[in-house]
Number of protein chains: 2
Amino acid sequence: MKKEQLYKFVSKQKIAFISSVDEQGYPVTRAMLSPRKIDGNDIYFSTNTSSKKVTQYLNNDKACVYFYRRGVFRYRGLTIKGTMTVCMDQPTKNDIWRPGDKIFYKKGVTDPDYCVLKFTGTEAEYYCDFKVETFDLNKQEENR
Amino acid sequence: MKKEQLYKFVSKQKIAFISSVDEQGYPVTRAMLSPRKIDGNDIYFSTNTSSKKVTQYLNNDKACVYFYRRGVFRYRGLTIKGTMTVCMDQPTKNDIWRPGDKIFYKKGVTDPDYCVLKFTGTEAEYYCDFKVETFDLNKQEENR
């Protein structure tokens, strides 16, 4: 398995589970719509600036994203560890925006309640058929 | 929505997403088979003693479990915050064991690589239709 295949797997999933660490040091997980963009080890999500996760990531950027696929014969899961950057700058917001987003953000692409979460992965664990493969995402080749 | 309904929702899901905090302070999320038992605010899972999550919970018991259901019309998600206890005592292991588990734990119910994770929830957030309800699980009634 190569790193490119991991991101191909990510790009096919409809739901992402993203985790932060709250003010008391507890992990907090919630589902998100699938990533808007994948660029190298950066995975972009759109979200509400007023959400608790944005506050949590501004206080502590340590993050995890999880993707899974439950097929007929096997279960595959991918945990990626990394950091989350809250992007409120207009160019990044413009880049990720889709016309349908107006349902969620009434004021459109400049809505102050619309922002972008940029996750930068450093390590990954891919689980399939009781086997776990680990990856150092900063290396070109897989690293077992 | 009452607390009992939250646990009814939990009992219907086939997959749980459980999160820990690793040695470097990063959240780590992975999927688990559905809980074996729910007793008050305690949710029990079976797992491998040798797994990384067991090491992580022994070092730091702060935990989160997430359940979701993606229906035709709506998405429902439940994040529960609490602590995880690693149970290696035989009575707890006996209580959760199912005959089919021998596929995973060759030595059966006394297999040292089989243990129980007991999650004790304290707070919950239930998401449905863009609305979030919060619950103090130590109170009898819901707490918004």
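How many salt bridges does the structure hold over all chains? There are 10 of them. Please keep in mind, as you look around, that this is a predicted model.

**How the two chains are related**

Let us begin with the arrangement of the copies. A turn of 180° combined with a shift of 0.0 Å along the axis lays chain A on chain B with an RMSD of 0.0 Å. This is what a two-fold axis does. If you want a landmark for that axis, try Pro27(A): its C-alpha lies 2.8 Å from the rotation axis, the closest approach of any residue of chain A.

**The interface**

Where the chains touch, 31 residues of chain A are in contact with 31 residues of chain B. The copies meet through the same surface, because 100% of the interface residues of chain A are also interface residues in chain B.

Between them, chain A and chain B bury an area of about 2,500 Å², and carbon and sulfur atoms supply 64% of it. On the chain A side, the residues that lose the most area to chain B are Tyr26(A), Pro27(A) and Thr29(A), which together make up 23% of what that side buries. Pro27(A) thus appears in this list and also as the residue of chain A that comes closest to the rotation axis.

For polar interactions, the interface of chain A and chain B has 15 residue pairs in polar contact, with both residues at pLDDT 80 or more. Which elements of chain A give two or more residues to the side that touches chain B? They are S1, S2, strand S5 (62-70) and S6. S5(A) provides the largest share of that side, with 6 residues. Sorted by class, the side of chain A that touches chain B consists of 14 nonpolar, 9 polar and 8 charged residues.

**Salt bridges in detail**

Across the interface of chain A and chain B there are 4 salt bridges. The table lists some of the salt bridges of the structure, with the distance between N and O atoms.

| Residue | Partner | N to O distance |
|---|---|---|
| Lys81(B) | Asp22(A) | 2.6 Å |
| Asp22(B) | Lys81(A) | 2.7 Å |
| Asp95(B) | Lys37(B) | 2.6 Å |
| Glu125(B) | Lys52(A) | 2.3 Å |

Take the salt bridge of Lys81(B) and Asp22(A) to start with. This pair crosses between chains: Lys81(B) belongs to strand S6 (residues 75-87) of chain B, while Asp22(A) sits in the loop between strand S1 (15-21) and strand S2 (27-33) of chain A. Are its partners buried or exposed? Lys81(B) is buried, because its relative accessible area is 14%, and Asp22(A) is buried too, at 8%.

Next comes the salt bridge of Asp22(B) with Lys81(A). Asp22(B) is in the loop between strand S1 (15-21) and strand S2 (27-33) of chain B and Lys81(A) is in strand S6 (residues 75-87) of chain A, so this pair also joins two chains. Asp22(B) has a relative accessible area of 9% and is therefore buried; Lys81(A), at 13%, counts as buried as well.

The salt bridge between Asp95(B) and Lys37(B) has both residues in chain B. Asp95(B) is found in helix H3 (residues 90-96) and Lys37(B) in strand S3 (residues 37-39), so the pair ties together parts that are 58 residues apart in sequence. Asp95(B) is partly exposed, with 46% relative accessible area, and Lys37(B) is likewise partly exposed, at 27%.

Note on methods:
Residues numbered from 1 in each chain as written. Chains lettered and ligands numbered in written order. Predicted model: local features only at pLDDT ≥ 70, side-chain atom pairs only at ≥ 80, totals over all residues. Heavy atoms only, no water. Salt bridge = Lys/Arg side-chain N within 4 Å of Asp/Glu carboxyl O. Helix = DSSP H or I, 4+ residues; strand = E, 2+ residues; numbered from the N terminus. Buried < 20%, exposed > 50% of the residue type's maximum accessible area, 1.4 Å probe, protein only. Least-squares fit on C-alpha atoms with pLDDT ≥ 70 in both. Contact = heavy atoms within 4.5 Å. Buried area = accessible area lost by both parts, 1.4 Å probe. Polar contact = N/O pair within 3.5 Å; in protein donor to acceptor, adjacent residues only side chain to side chain. Nonpolar A, V, L, I, M, F, W, Y, C, P; charged D, E, K, R; others polar.
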